[in-house]
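Student: I've got a structure open and I'd like to learn how to read it. Can you walk me through it?

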Amino acid sequence: MKSLTAILTVVAAIIGLWYAACVPMNIKGVLDAAERAGAEVTPATARERRDMGEFGLVAGNSFAIADTWVQDRPRLPAPHQVAVELWNTTVEKKITSKRSLIYHGQVTLSATLLGFAIGTGLGILLAVGIVHSKVMDMSVMPWAIVSQTIPIIALAPMIIVVLYSIGVQGLLPKAIISAYLSFFPVVVGMVKGLRSPDHMQLDLLKTYNASTAQGFWKLRLPSSMPYLFASLKIGIAASLVGAIVGELPTGAVAGLGARLLAGSYYGQTVQIWSALFAAALLAAALVALLGVIERVLLGRMGVRS
Amino acid sequence: MMLVLLAVIVWCAGWWVNSRLANSPQSQTRLVQLLVPGIFGLTILLVWELLVRGLDVSLVILPAPSVIAVRFAESLPILWADFMQTIVKGALSGYVIGCGAALLTAVAVDRSDFLRRGLLPVGNFVAALPIVGTAPILVMWFGFDWQSKAAVVVVMVFFPVLVNTVAGLRETDQMQRDLMQTYAASYWQSFFKLRLPAALPFIFNGLKIATTLALVGAIVAEFFGSPTVGMGFRISTSVGQLALDMVWAEILVAALAGSAFYGGMVLIEKTLTFWHPSQRG
C-alpha cells in the first residue's frame, strides 16, 4: 500500500513535469498563431521572438500558457491530447480503418509473436544442444555471448530488402528480425537455467540410474524455468522493438513503426506520441502476460518465490 | 559443385577438429578454450565463402566474406567518418551524459525511501519499453545532426543504469552500516567507503547493458533522419542501392565497436571490483 502511494506520487510528478515542459516547448508556435489571429503579443514580430528565450516569452505572454496545452500540432503534445488521440484511434475508430491504432497494433503484434515463437523455439533447441554437447558448448557459446554486445538491429533493413528480393514479404521478414533479437537472450538464459541443478541433484539422478533424457525432463527442464521466464521477458520486449524497427524500411505501410515514421514525415506529433504509447502499452501487456504465466506455472510446479 | 562439396568437407573437418579438441584432456586449458570458438568462426567464414561462390549467390542477396573484406579495406575513410559521427559523437556522448545523469539521480533518490519505492517500479517498467520509438520525436526537437542521436541514447541508457544503481546502493547489510556508524562516519564517508564500492558490481551490470543500447539507439535514430554521414544513414542508403557489401562492412564496424565498447567496460569493471567473488574465480 505504501509503495502504491509512492508509485502514484512519482507518476503524478512525471505528468506534472510533462505539463510544465509543454509551456516553454510550445510557446513560440502559440504566439505565432496568436499574432496571426490579431492578438497583442509582447515582442510584436516573429523575428524578434526568435532571438528571445522560451522562458522570457512565457513571462511576457502569460495569457498564452493555457493555449500551449491545446495546440493542433505542438512540438510537445500535452498528456491529455495524447490520451484523447489514443482513445479516438482505438475505441472510436473501426478496427478495419487504416487510422485505427488497433489495426496497426495487431499488425505489429502478429509479427512480434511469430518472431518470438520462432526465436524462443530455436533458442531453446540450441540451448539443449549446448548443454548436452561439449563441442557445441565450446564453439557456439562464446559467439552467443559476444553477439549480445553487438547492435544486431543494424541488420534489420538489409534482411527486409534481401528477403524481398527473393520474393518473401509481408509478415515473415519482420518476424525474422524479431526472432533473431529474441534468440540470443533466450539461448544464454536457457543454458544458464539448464545448468542450474547442482552436482548433488545430478548425482542423485545418477544413483537412480536415470538416462540423459530422464535427467533432462525431470530435473534440468523444470529447474530452468525461472531462468527461462526471465529471459523470455527480455526476449519479448526485444521482439517488439525488432518488429517496430523492421517496419521502418518497408515504406511505412502498416504497423506501429509505420505510424511513427508517417508521423515524423508529416509533423503529426500527437500521432507519434500515441503510437509510442500504444507500443509501450503493448510491451507492458506482453511482459505482464508472461509474468502471469510464470506465476501460475511456477506455482503449479511448487516453486516458492 | 566442387566448391559446395568442398564446403561440406571443410565443415566436417572443422567440426571433427573441434570435437577432438573439446574431448581431449587439454580441453580446460586457456589456449584450447580460445582455439575452439576461433576454429568454429573460421569454419563458418570458409563455408560461407565456398557456398556463395559455389552456388553463384547474387551479390544482392549475400556477398562473400572476401568481397566484404575488400570493400571494408577500400572504404576505410568513409567507415571512419561514419564511426566518428555515430559512435563517438552520437553514442559515446549520449552514453556519458545518460549514465552520469542516472548515477546522480540514483544517489539523490537513494536518500529518500519514499522516492525509491516509487521510482524503482516505474524505472523497471520504463526499462522494458521500446524506447527507440522516441527517436522520431527527438530527431524533430534536436535536428538531424549528432545531438538528436545523443539525446536518444541518453533516454535509452538512463533507466537501466538508474534501476541497477538504486538496487546496488541497497546491497550493504545492516551489520556493515552499523559498523560505519560506530566509526562515527558521516553520510558521505560511509557512501564513498562502503556503499558505493558495494554497489559497483550492480552499476557495472547496468553500464554493460547500456553499451549495446547506446549503439542501437544511435544507429536506429539515424533511420529517422541524419546528415549524409553516419552508420545508420550509410546502412539505409546502401540497402537502397543494393550495395550489400557496404552494409556488411558497416555491420562489421558496428560489431567491432560494440565488442570493444563492452570489452572496455569489462576491463574497467575488473580493475575496480577485483575484490568481488565473481571476479576472483
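Tutor: Sure. Start with pLDDT, the predictor's confidence in each residue, from 0 to 100. You need it here because this is a predicted model.

Student: OK, what is the mean pLDDT of chain B?

Tutor: Chain B averages 87, and 99% of its residues reach 70 or more. For the model, the scores are ipTM 0.80 and pTM 0.84.

Student: On to the fold. How many helices and strands does chain A have?

Tutor: Count the helices and strands, then read their order. Chain A has 12 helices and zero strands, so its pattern along the sequence is simply α-α-α-α-α-α-α-α-α-α-α-α.

Student: What radius of gyration does chain A have, set against a compact globule?

Tutor: The idea is to compare the value with a rule for a globule of that length. For 305 residues a compact globule would come out near 19 Å, but chain A has 26 Å. Along the principal axes, its C-alpha atoms fill a box of roughly 90 × 55 × 40 Å.

Student: And what share of chain A is buried?

Tutor: Of its 305 residues, 40% count as buried. As for contacts between residues at least 6 apart in sequence, 76% join residues at least 24 apart.

Student: Which residues of chain A does UniProt annotate as "transmembrane region"?

Tutor: The unreviewed entry lists 107-131, 143-166, 227-252 and 272-293. Check such a record against the model: residues 107-131 of chain A are 100% helix, with end C-alpha atoms 36 Å apart. Residues 272-293 are also 100% helix, and there the ends lie 32 Å apart.

Conventions:
Residues numbered from 1 in each chain as written. Chains lettered and ligands numbered in written order. Predicted model: local features only at pLDDT ≥ 70, side-chain atom pairs only at ≥ 80, totals over all residues. Helix = DSSP H or I, 4+ residues; strand = E, 2+ residues; numbered from the N terminus. Rg over C-alpha atoms; globule rule 2.2 N^0.38 Å. Buried ≥ 20, exposed ≤ 12 C-beta atoms within 10 Å, placed from the backbone. Contact = placed C-beta atoms within 7 Å. UniProt positions renumbered as here; feature names shortened; annotations may be inferred.
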